[in-house]
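Reader: Could you walk me through a helix pair and the internal cavities of this model?

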Amino acid sequence: MQKTFRQNIPGITSFLGSILTTLSLSVDMEIRDGGQSWELFLESFRSVDITDGIICFLFFRFYCRVLENWCGRKHSVRERLCCHIPTALFAFFMVMGFSFLKENDWSLVFGSMVQFLKACIVFLGYYVLFFCCICSLYRCLDRVAPGRRKKECARSLPRGVRWYLDCLHRYPFRTCFLTMLILYIPNLILSYPGILSTDSKNQLLNAYGALKTHTNRLSNHHPIAHTLLLYGCVNIGTLLFSSANAGLFLYTILQMSLVLAAISWVMKLLAECRIPERYLFLFMGFFAIAPRIQNYMFLAVKDVCFAAFLMIFLVQLYRLLTGKLQEEKRGLLHRILFAVSVLGVFFFRQDGVYVLLLTFLMTMICCRKNRRLWGGLLGGTFCFFLLYQCILIPALNIKASNPREALSIPFQQTARYVRDAADDVTPEQQAAISAILNYEELAELYNPNLSDPVKATYNDEATAEELIAYFRVWFQMLCKHPGIYVQATMNNLYGYFYPDGYTAEYYDYASSAERMAAINESLAETTGTELYYPESLAALRESYETFRETLFSLPVLSYFLMPAFYTWCLILWGFYCIRCREKEALLTAVPLFIFLLICMAGPAYGWYFRYLYSLAFCLPGTILMGLTLTGRSARLSC
């Protein structure tokens, strides 16, 4: 009897789970007015859609298949946790993320007992769904790697395809580079001379004011290396061709070349590891069609260059962790590239140094064999950072970056506290806050999803003692109303985890044209700089932009536009590495996890895709590199 009951557990769980999931997908989580609690509760699940029965049946069959396999095998505690932890996190953010998307607080979850019960049912329904999906995903990743590689049927392929595959295996770097270049030439022409963001506009104005008209100092608010590169290219174009457009186009070509070189460098490693062709094509296909990769390829912003250097850094980190760098015949070249990638990560993003320091710290802790090497890299990077920030920047009379950029989370928490619990703020606390921020305007300026308005009131002349007093008050408020702080933090980061409700923003040509006009107007009397888009390409630019955004708003394709899609791919990959005890694969992904934490501490939630761009750019290569470890390259069958 007991054995029969155990055998029926998957079926019973599948039946209940399919009902819960169907209810979760159809529930109305909005707060309803009037009526008894039980009536409100039941009305929230009302549905007369015939597809509900079909969906419930499909879920039942899917759950039966997955859970029978799960119950039929023994799993270690580690394997169980690697499935249950991400499942619980995913279900939690599906419930909480919806509440913050709609109300900017957790009222749709904790607003009443009815709302809490609905949230619990939705959580359980999504829990069953995601648990089965994650188990299926991990099984697929396991199957991706049997040690029986089949020979390609070369005779059945056209001669041109055979020739291309031969080139891809023999010359992976140059073949990938030329392939991607050819694919991107139409976009390059349409985007001539490039795409400007607000940051790149401010960088150009700052550089022209400091180096041409001497009306201000160079600022390190944006990485000074990128500012000088952008300004230098525009200035070269003006000097050689009497055209700022030519200079901006020169920068665009250099940036595109750097990005394509980074992609091709990963391709070279994957080809060396004997990855089958279909995975190589999937890798190139992602960069060929992903809409935000296309859009950002020609965007004159620091994040694109940083992403390219970060990808090269990940490849060289992989080589160091696996010992491939020491085995390379051209070891000197790889060491130089490692050093160049470290410098690129350091100089092209202000928080890149934290990626380096924490990565070297983690590898030093986890890798006993090369602990001295990682310790040296950690110490050397830290000393260089102090030298750069404390000696070199002041010596060159460059204005240092503002410390407010690192305080988005506490400033948002303080502003929300002032908005929601102003009566609990004492005069002493108000005075401490006023020394750092404009207390009188905090409640009005507070934007739950963006910290820039609050940060703009930061007092640049605040002393260290005043900051200490502010954080003392900050801690007192945390102890009194922790819920306000939690909600303020959730509002600023839920977009990285909630895969619904919006798509990542993009930089359109119309806004870029307005920024070009602003630069032209500001520099008209001094340098006469003129940036513009050719009118002859205007119709094609707008048509292609509209087509791209419309196409990738379709079901499934819209995943490419969801920031949370990339976040969860990284999280699931990390848990899969832990499940398989693949330390080197996990350490190769550590820089991306650190970068995700940095994004979460930033001023905006996931809608502002520029912050998450580097993670999305490096993720496919990181996963494929990880799958080559512990003999997996031989297990990738065609």
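Here are a few questions and answers on this predicted model.

Reader: How are helix α28 and helix α29 oriented relative to each other?
Author: Happy to start there! Helix α28 (residues 583-600) packs on helix α29 (residues 613-627) at an angle of about 170°, and their axes are 9 Å apart. Angles over 145 degrees count as roughly antiparallel. Therefore α28 is roughly antiparallel to α29.

Reader: How many charged residues does the contact of α28 with α29 have?
Author: On the α28 side, the contact includes Ala 585, Leu 592 and Phe 595, while α29 brings residues including Leu 615, Cys 618 and Met 625. By class, nine residues of this contact are nonpolar and four are polar. The number of charged residues is none: there are no charged residues.

Reader: Which elements give two or more residues to the lining of the largest cavity?
Author: Good one to look at on the structure. The largest cavity has a volume of about 110 Å³, and among its lining residues are Trp 70, Glu 79, Tyr 138 and Arg 579. By class, this lining has five nonpolar, two polar and four charged residues. The elements you are after are α3 (51-71), α4 (77-103) and α6 (113-143).

Reader: And which charged residue lines the second largest cavity?
Author: This cavity holds about 30 Å³ of space. Its lining divides into three nonpolar, four polar and one charged residue. The lining residues include Asn 187, Gln 294, Phe 298, Tyr 544 and Arg 548. Arg counts as charged, so the residue is Arg 548.

Conventions
Residues are numbered from 1 along each chain as its sequence is written. This is a predicted model: local features need pLDDT of at least 70, side-chain atom pairs count only at pLDDT 80 or more; totals for chains, interfaces and linings use all residues. Side-chain values use heavy atoms; hydrogens and water are left out. Axes are lines fitted to C-alpha atoms, for helices over the stretch in contact, and angles run from 0 to 180 degrees between N-to-C directions. Helices (H or I, at least four residues) and strands (E, at least two) are DSSP runs, numbered from the N terminus. Angles under 35 degrees count as roughly parallel, over 145 as roughly antiparallel, 65 to 115 as roughly perpendicular and the rest as oblique. Contact means heavy atoms within 4.5 Å. On a 1 Å grid over the protein atoms alone, a cavity is a set of points where a 1.4 Å probe fits but cannot get out, and a pocket is an open set with protein on both sides within 12 Å along at least five of seven lines; lining residues have an atom within 4 Å of a point. Grid points are joined across faces, edges and corners, and a volume is the space filled by probe spheres set on the points.
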